[in-house]
Structures are given as C-alpha cells and as structure tokens.
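Student: I have not met this structure before. May we go through the terms one by one, each with its grounds?

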Amino acid sequence: MKAKIVHALLAFVLVLAGLTAPLFAHGFPANCAGTYLTQEGAGARDFWTLEADGTFFGTTSTQPLFNFSSQQGTWKKDGNEGAKGILLAFVFDDDKALVNIARIDISLETVGNGCNHVAGSLEVRLFATDEDPLGPGATSVPPAFTDTFTGNRVR
C-alpha cells in the first residue's frame with residue numbers, strides 16, 4: 001500500500017512539475033511573448049507581437065509612406081534573453097501593384113530585468129515577386145536597409 005502511495009505521489013509531482021515548468025522558465029519564449037512598441041533609429045514606430053507559439057506580427061508607421069503591408073512571420077528563442085525573427089511583407093507601387101516581397105530579419109534581446117524593455121537590430125531585404133524570400137541564399141541578398149531599435153512591452 002505504501003509503495004502505491006509513493007508511486008502516486010511521485011507521478012503527481014512529475015506531472016505538476018511538467019505543467020508548471022513553463023511558468024518558471026527563463027528566457028524569451030516563456031516570459032516575454034507579448035506586444036512591444038518599438039522606436040527604430042531612423043524614426044519609424046512599430047507594433048510587434050510575438051506569440052508564445054512562435055508567430056510574429058508587425059505593423060509600422062511607415063507602411064503608408066512606403067506602400068507595404070502589415071508583416072507576418074515567426075520567431076524563436078536565441079539564447080536566454082534573446083530572440084530572432086523573420087517578418088514578411090508585400091510591397092506595392094503607387095498604382096497598388098505588387099512589386100516586391102520584403103523580408104525583415106530581426107534580432108532582439110531583453111534589456112534590464114524582465115521583459116519590459118527590448119533592443120536589437122533589423123535588416124530589410126527585397127525580393128522579386130517570383131523569388132522565395134525564405135529559400136536557399138535568401139540571406140545572401142544585400143540588405144536594402146538596416147537599423148537598430150529599442151522597445152517597451154505594452155501592458
């Protein structure tokens with residue numbers, strides 16, 4: 001009887017540890033998923049939302065000026081306090097015809113304690129509409145634009 005109780009308690013502890021581990025995990029994914037308001041060095045303001053499942057959404061203040069869509073992509077943990085992400089956007093000409101697909105590679109890290117502040121860099125590459133911005137050699141295309149940013153978590 002004691003052996004069954006010990007086994008049941010051990011199983012309960014292991015299940016409880018597995019369920020609560022994400023609550024106590026360190027690093028970007030467990031603690032820092034959310035929405036950030038960022039300020040790019042060149043002046044643009046962005047809303048970036050990093051979902052816990054790895055989905056990444058972006059909207060920027062320069063979309064109307066440069067005729068491009070909101071951005072969608074993915075992100076993953078990079079070290080204990082950082083993340084790397086890729087966003088894609090459609091770029092249009094003045095007549096609203098699709099002319100490029102933009103790939104934005106983003107590297108960010110938390111600043112200070114917790115997840116309230118982030119900083120990092122980004123690179124924008126442009127691809128013809130018939131090119132694969134995620135295919136082999138995509139990062140060998142020279143960046144059309146690079147910048148740095150800082151951001152605050154939206155609470």
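Tutor: The exchange below takes up the terms in turn.

Tutor: This is a predicted model, in which local features need pLDDT of at least 70, side-chain atom pairs count only at pLDDT 80 or more, and totals for chains, interfaces and linings use all residues. Residues are numbered from 1 along each chain as its sequence is written, and side-chain values use heavy atoms, with hydrogens and water left out.

Student: How many helices and strands does the chain have, and what makes a stretch count as one or the other?

Tutor: Both are DSSP runs, numbered from the N terminus: helices are H or I with at least four residues, and strands are E with at least two. By this rule the chain has three helices and eight strands, in the sequence pattern α-α-β-β-β-α-β-β-β-β-β. Helix α3, for instance, covers residues 63-66.

Student: What makes β1 and β8 a pair, and in which direction do they run?

Tutor: Two strands pair if DSSP finds at least two bridges between them. Five bridges join β1 (residues 34-40) to β8 (residues 145-153), so the requirement is met, and the two run antiparallel. Within this pairing, glutamine 39 is partnered by threonine 150 and glutamate 40 by phenylalanine 149.

Student: Which other pairings can be named around β7?

Tutor: Strand β7 (residues 117-127) is joined to β8 by eight bridges, and β6 (residues 98-110) is joined to β7 by 10 bridges; both pairings are antiparallel. Across β7 and β8, glycine 120 is partnered by phenylalanine 149 and valine 118 by glycine 151. Isoleucine 106 stands opposite leucine 122 in β7. In the hairpin of β6 and β7, six residues lie between the strands, and glycine 112 takes a positive phi near 80°.

Student: What overall arrangement do the strands make?

Tutor: They form a closed barrel of eight strands in the order β1-β2-β3-β4-β5-β6-β7-β8, with antiparallel pairing. Neighbouring strands of this sheet are turned by 30° against each other on average, direction ignored.

Student: Why is tryptophan 48 called buried?

Tutor: Buried means under 20% relative accessible area, exposed means over 50%, and partly exposed lies in between (1.4 Å probe, protein chains only). Tryptophan 48 has 3% relative accessibility, so the residue counts as buried. Of the 155 residues of the chain, 33% fall in this class.

Student: Where is tryptophan 48, and which residues is it in contact with?

Tutor: Tryptophan 48 is in strand β2 (residues 45-50). Contact means heavy atoms within 4.5 Å. Leaving aside neighbours within four places in sequence, the contacts of tryptophan 48 include Tyr36, Phe57, Leu87, Ile106, Leu122 and Phe149.

Student: Is glutamine 63 buried or exposed, and how do you know?

Tutor: Glutamine 63 is at 12% relative accessibility; the limit is 20%, so this residue of helix α3 is buried. Beyond four places in sequence, its contacts include Gly58 and Phe68.

Student: What makes arginine 103 and aspartate 105 a salt bridge?

Tutor: A salt bridge is a side-chain nitrogen of Lys or Arg within 4 Å of a carboxyl oxygen of Asp or Glu. The closest N and O atoms of arginine 103 and aspartate 105 are 2.9 Å apart, so the pair qualifies. Arginine 103 is buried at 7% relative accessibility, and aspartate 105 is buried at 17%.

Student: Why can arginine 125 be said to tie together separate parts of the sequence?

Tutor: The side chains of arginine 125 and aspartate 105 meet in a salt bridge at 3.2 Å, N to O. Arginine 125 lies in β7 and aspartate 105 in β6, so the pair ties together parts that are 20 residues apart in sequence.

Student: Which residues make up the salt-bridge network?

Tutor: Arginine 125 also forms a salt bridge with glutamate 123, with closest N and O atoms 3.0 Å apart. Arginine 125 is buried at 6%, whereas glutamate 123 is partly exposed at 31%. Through shared partners, Arg103, Asp105, Glu123 and Arg125 are joined into one network.

Student: Why is valine 154 called partly exposed?

Tutor: Valine 154, in the segment after β8, has a relative accessible area of 44%, which is between 20% and 50%, so the middle class applies.

Terms used
Axes fitted to C-alpha atoms, helices over the stretch in contact; angles between N-to-C directions.
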